[in-house]
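Okay, thanks everyone. I'll walk you through one model today, so have the viewer open and follow along.

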Amino acid sequence: MKRFIGFIKKEFYHIFRDRRSLFILFGMPIAQIMLFGFAITNEINNVDIAILDHSKDATTEEIINKISASKYFSIHQFMDREADVETIFKKGKVKAVLNFEKNFSKKLIRDHKATIQIITDATDPNTANTISNYVNAILIQYQKDWNKDITIAYQIIPRTRMVYNPELKSVYMFVPGVMTIILMLVSAMMTSISITKEKELGTMEILLVSPIKPIQVIVGKVFPYIFLSVINAIVIVVLSIFIFKMPVQGSLFLLAMESILFIISALALGILISTISATQQTAMMISLMGLMLPVILLSGFIFPISSMPLPLQMISNIIPAKWFIIIIKGIMLKGVGLQYLWKETLILVGMTIFFIALSVKKYKIRLE
Amino acid sequence: MKTILYIIQKEFKQIFRNKGMLPIIFVLPLLQLVILSNAATFEVKNIKFGYIDKDHSSTSRALVEKFNASTYFNVLTDFPSEAIASAEMLKGEIDVLLQIPQYFERDLQIEKHANLGITINAIDGAAAGVENVYVNQIIQRFNQNIKMDVLQVSDKQVQPIAIETIPLFWYNKTLNYKTFMVPGILVLLVTMITLFLSGMNIVREKEIGTLEQINVTPIKKSQFIIGKLFPFWVIGMGLLTIGLILAKVIFDVPMLGSLTLMYFYTSIYILVILGIGLFISNFTDTQQQAMFIAWFFTVIFILMSGLFTPIESMPKWAQTLTEFNPIRYFVEVMRMVMLKGSGLNDILPQVLKTALYAFVMNGLAVWSYKKTT
């Protein structure tokens, strides 16, 4: 036991001696969470649009004013010819062109009906669709003002309540997601690299013939990283509470325990990666290339899992990050306890045990 | 020239000798392109929908039937009580809850209006917004139907004005998400592979000690660097080629623009990435450090590239930051050329900025590379 503690101490020294890595290790998550918390949003604001007004009358002017006054759109330019729409789209200057038909006002007064074309650059389907919805919403409001003297009989009035995130802040989506990628990648990458490094440099052999048991070698290597990751997790949670005003409705203690569980699962994955790779390069490429995109795309961090095709929804189940994101959101935003999260927690525990068991098996084979 | 060729030969041999790396360089990225492109969609469908019907009237049943008929909603159970329903919502079993109060039908007939409770799980704010739109559309249509039923006989009211909108979705009529995501993800994979490989490469020689051996040879700095980086450039272009073929064959992504233009741009772009990789290599002592830095920038570059979330929605300072993001330009160019058929003239700003970037990065990299340690 004394030897083991000595070994852990050595590993700590190793890490703390390398100032540059430490700086990177702690600086990066802070920089990333700040950047993403403030910068990234999947809302649509200030979309540049162009106006093609064939009518140029009081009504179209009023509508254009309404549109440019909304926070969703800023009018990039006024155009005269339909033929220019193609050019302006190809340059990527605007995302949409609103095309008002001729005699707009007259038609509206005479026939009670007039038409606007919303031409969108639908290479980005989401933006195109949202633009179209927003323009419609503004127009509906405009028509309501115009029609307000007409009483409408029979109406169902929906009273909508947005729960858990009433202001629809997208930072509530991004903070748990960024926290997850940071913990996942840093933990898995660090462990896999530090173990393969010993292998590559030949020092692993030396460790293995020493009186320290192989399992102790692994635990000793992993332990300092658990410590570092926990500090990282604390920093991220503190930042998200104080800077982004993320609520923690549920128990902080539970959040801490679940984070440790997730860190251990990521470390176990790191160990597994190190057992199958011979060089640091391979270990890094597996943890970066193999984990980064799947974690970002399949965890529900950015894209809703329920909209994915069924096979992908099934694949997402084997991504530990998915379960951790559900857990963090549950604790922080919904304020639920273990009675609601036991399933996700059990899955994480199961995965961790599986990774460890598999690495132990692989590890033994390598030694024989 | 001969020296460079030897170095290139040596590097290629080294890459291809490492059997473990080959699948990681070629198979893993392409597999991800094929699989993950399907995951990236902001469409909101299969919404888990629950309701509490306290009225049990024909109107309330008709309303629920409307939701059932919609393709967006998976209508689940009629929950017997609010407590059970909110517990289900906490568990994440339902996203949207409709509460139909008692006397809903009676209120509608006598008072001419009735209230309806809607609760939406808004943790994903964007999805919640879309769900709200869907719910309101269905209710609006239901409203209109009731009005029609009643109003037909005595339609003497003033006719309200109606502004009709005709949405036209250019370049992607069916709003197919894959068309949009495949070029973007391909860009990512090409970038990640070339950055990680080049970033690790020289620092690896440093760490193992072989760089010292090279330094004592008469090889020139520039020869060494060109020889080192050229193979990664080739790998990047190779990945792009296979990726484009897969994009066409599997996803049928339209390729309106010129392939030559795409290759021309990519050939400059990869130089930027290689310059960054080399620069990282020069400033780090171990592969571990190099990878942390490369990873740090990659995550930032990816999330701030406009690939997943629009750049226009970012605050002004963040938009300015994206000017320094090479992935941003690559994503823009790929989407513009492939999907809209933009020409050299249209992407000239991106080409110029990328070329300048390549020049600066490689200049810095060569400058900071010291043959003597």
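I'll take one helix, then the interface, then a single residue. Just so we're clear, this is a predicted model.

Let's begin with helix α1 of chain A, residues 2-17. It has 16 residues, and from first C-alpha to last it reaches 22 Å, close to the 22 Å you'd expect at 1.5 Å a residue.

So which residues of α1(A) are buried? Those are F4(A), F7(A), I8(A), E11(A), F12(A) and I15(A). They take up an arc of only 140° around the axis, so they sit on the same side of α1(A). If you want the reason for that kind of spacing, an α-helix has 3.6 residues a turn, so residues three or four places apart point the same way. Now flip to the other side of α1(A): K2(A), R3(A), K9(A), Y13(A) and R17(A) are exposed there.

What covers the buried residues? The cover includes four helices of chain A: α2 (19-39), α7 (171-201), α8 (203-209) and α9 (214-242).

Zoom in on E11(A) for a second. Its relative accessible area is 2%, and since the cut-off for buried is under 20%, E11(A) counts as buried because of that value. What does E11(A) touch, once we leave aside neighbours within four places in sequence? The contacts are E198(A), G220(A), K221(A) and P224(A).

Okay, on to the interface. On the chain A side, 115 residues are in contact with 117 residues of chain B. The area buried between the two chains is about 11100 Å², and carbon and sulfur atoms give 67% of that.

For the polar part, the rule finds 36 residue pairs in polar contact across the interface of chain A and chain B, both residues at pLDDT 80 or more. The salt bridge count between the chains is four. K340(B) and D121(A) form a salt bridge, with their closest N and O atoms 2.7 Å apart. And on the side of chain A that touches chain B, helix α11 (residues 280-298) of chain A gives the most, with 15 residues.

Last stop: I315(A), in helix α12 (residues 310-316) of chain A. Is I315(A) buried or exposed? In between, actually: it's partly exposed, with a relative accessible area of 31%. Leaving aside neighbours within four places in sequence, I315(A) is in contact with L298(A) and with I35(B) from the other chain. Its C-alpha is 9.9 Å from the C-alpha of S299(A), which is 16 residues away along the chain.

How values were computed:
Residues numbered from 1 in each chain as written. Chains lettered and ligands numbered in written order. Predicted model: local features only at pLDDT ≥ 70, side-chain atom pairs only at ≥ 80, totals over all residues. Heavy atoms only, no water. Helix = DSSP H or I, 4+ residues; strand = E, 2+ residues; numbered from the N terminus. Buried < 20%, exposed > 50% of the residue type's maximum accessible area, 1.4 Å probe, protein only. Contact = heavy atoms within 4.5 Å. Expected span 1.5 Å × (residues − 1). Arc of directions from axis to C-beta. Buried area = accessible area lost by both parts, 1.4 Å probe. Salt bridge = Lys/Arg side-chain N within 4 Å of Asp/Glu carboxyl O. Polar contact = N/O pair within 3.5 Å; in protein donor to acceptor, adjacent residues only side chain to side chain.
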